[in-house]
Amino acid sequence: MRKHRQKAPWRNDDLVRAQKQRYRRAERKWRKSKLQVHYGIYKAELYAYNQILCRTRERYFSEIIGSCSSNSRILFTTVNRLTNPPTQLPIELVCTPKCNEFAVFFNDKVQGIKKAINSTTHITIERPPTHSKLTHFVPVTDQTVQETITRLSSSTCCLDVLPTRFLKSVLNSVMPSITQIVNMSLQSGIFPEAFKTVVIKPLLKKSGLDPTVLNNYRPISNLPFLGKVLEKVVYQQLTDFLLLNNSFDVFQSGFRPHHSTETALIKVTNDIRLNTDDGKVSVLILLDLSAAFDTVDHGILLHRLQDWVGISGSALSWIKSYLEDRKYFVEIGSCVSDYMALTCGVPQGSILGPLLFNLYMLPLGQLIRSNNISYHNYADDTQIYVSLTTGEYGPVDSLSHCLQQISAWMQNNFLQLNSNKTQVIIFGPQKQRESVSSYLHSLSLKPSNQVRNLGVIMDSDLNFNSHIKSVTSAAFYHLKNIAKIKSIVSKPDLEILIHAFVSSRLDYCDGLLTGLSKRAVKQLQYIQNAAARVLTRTRKYDHISPVLRSLHWLPVPQRIDFKAALLVYKSLHGRAPKYISDMLVPYEPSRTLRTSGTGLLLIPRVRTKQGESAFQYSAAKIWNSLPEVVRQASSVFMFKSRLKTFLFSCVYD
């Protein structure tokens, strides 16, 4: 039996269907009469039909792109559906037995990791004193709940009684009931049982992998929307308490306001560049954990919240209730598995999960500091590093000893350090790197010439050539796909897609590229030029500067300067991590000068190109080059506007 293809949604539009009837009627009349006049009418109606169809199709995708402009995942799915044939799960996977098989597989994977952990050495870490206590969560108002719901993504779980978009549209009618549910939970210290079920959908890790192998899938969790609302309310109160008491690890950048992978990498790279400028060698070790969020022990986490953070009473009872008695099932198509119990871990895809994991990892920072080792964390990604002078190997020994202690602490806390994926890299002069590399090999540490760190490829020379090539390749792939559909989307929507898939890649961690020459970032500029040509349909050999100017796009070198200056402004106004603010020292002349009180920064003395590329040097230099009217802007919005105007005029005027 032949399976008919489903009609494209825009073909079901009333205007399209009406015009189709008119042109088909005209076609039948012409075929019957064979008159030229009827043929002309038929062609006119067919042309009108194609015009209406194109406009309707454009409007259809415009609505999708407009509603998902901040959700790159849905935008990617939309573009991928238009440019590539749809990939479907093998039909043999869409059945209840396979769902059960996936459910057992995901559970056995976590339990296998926990059983493989053999803790023989106990690491004791002295906990810091806690001065304040969080004994209960405060009831909230309708306005707070409404703001929370409005800001949350409109994703819907199959367990939701109402689709999230519909719930938001009738929010005023159901607001008192939702607020009552939230406040009853906060006051009773009990997380509702109905919100504890997780729906897991298997997702193939890469498109080229064998879809019949279970290990090639990762579990994607989906939680009830109202449960996320309740989590967000608790998250906000818990975060306020932690900030008030300075409970966060200063060098933990994961899932924290004003922190990001970029600020974490800027800190680490800045330290390494300045060490190289001093003639030192730096050794960086990147640690990898296996399913870290899934193996968190609930008992240890609750004790840590009580002893290290100061949470007790009904607040601690609420978190205990939130963690315990959870269950999940696997859904593939319309088939579902049996329920499986979740006995450990913080809920994946949740709002509270990453925050609770950060608190679970609090002792790790203190352990590393006790060994006089520099470090930085981003959730479960930990990097430790030291610097050493020629012929000095004591810091490397300390690093190796610290690594052993970290491994033991991880085992004490039911976390598995994946030694096969642990990466080591050496920075500094070539000759010194070779001698340090030999010593590292004697300690069973095998350094590489380049590593991937939080999505950025770092090489031993810190020229980021490999990273730039990787960005170029990925950006051109997406630009090619966007170019395929430029005829069926409007120019504003095309620009949204380009910013989502191309500009975002140019801007990701470009703060690390400060101090690099224009030649070094030339490949990135080629990407931007190509994107501008696709958007404006400019010919290949036409001059690109007028096109970029008409689009109000800053060239890549100026985008890098823009990012650095913006981070400096945020740091000076308390909207950036403390470790970034500590790099920036206000300039205070020894005697009263005209530059006194103008907001200039002290530019550190450096000797090499590596020192000039350090954020601490290059950002201060960029900041001091800005006009005072830009530096003295009263808000972030005003600063960004004035900064772009200034950089724009420097390039194009």
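Let's start with one residue: lysine 114, at 17% relative accessibility, counts as buried. A note before going on: this is a predicted model.

What does lysine 114 pair with? Its side chain meets that of aspartate 297 in a salt bridge, 3.8 Å from N to O. The two sit 183 residues apart. Lysine 114 is in helix α4, residues 96–116. Aspartate 297 is in the loop between β4 and α10. Aspartate 297 is buried too, because its relative accessibility is 18% and the cut-off is under 20%.

Next pair. Glutamate 331 forms a salt bridge with lysine 201, with the closest N and O atoms 3.5 Å apart. Glutamate 331 lies in strand β5 and lysine 201 in strand β1, so the bridge ties together parts 130 residues apart in sequence. Glutamate 331 is buried, at 14%. Lysine 201, at 40%, is partly exposed.

Third pair, and a local one. Aspartate 271 bridges to lysine 267, closest N and O atoms 3.2 Å apart. They are four residues apart in helix α9, which means about one helical turn between them. Aspartate 271 is buried at 18%, and lysine 267 is buried at 15%. Elsewhere, shared partners join Arg24, Glu27 and Arg31 into one salt-bridge network. In total, the structure holds 16 salt bridges.

Now the whole protein. Its secondary structure comes to 25 helices and 14 strands. Buried residues make up 48% of the 653. The radius of gyration is 29 Å, which agrees with the value near 26 Å for a compact globule. Of contacts between residues at least 6 apart in sequence, 73% join residues at least 24 apart.

Last, charge. There are 80 positive and 48 negative charges, and their mean positions are 11 Å apart.

Terms used
Residues are numbered from 1 along each chain as its sequence is written. This is a predicted model: local features need pLDDT of at least 70, side-chain atom pairs count only at pLDDT 80 or more; totals for chains, interfaces and linings use all residues. Side-chain values use heavy atoms; hydrogens and water are left out. The radius of gyration is taken over C-alpha atoms; the globule rule is 2.2 Å times the number of residues to the power 0.38. Buried means under 20% relative accessible area, exposed over 50%, partly exposed in between (1.4 Å probe, protein chains only). Contact means heavy atoms within 4.5 Å. Lys and Arg count as positive and Asp and Glu as negative; His and the chain ends are not counted. The place of a charge is taken as NZ of Lys, CZ of Arg, CG of Asp or CD of Glu. A salt bridge is a side-chain nitrogen of Lys or Arg within 4 Å of a carboxyl oxygen of Asp or Glu.
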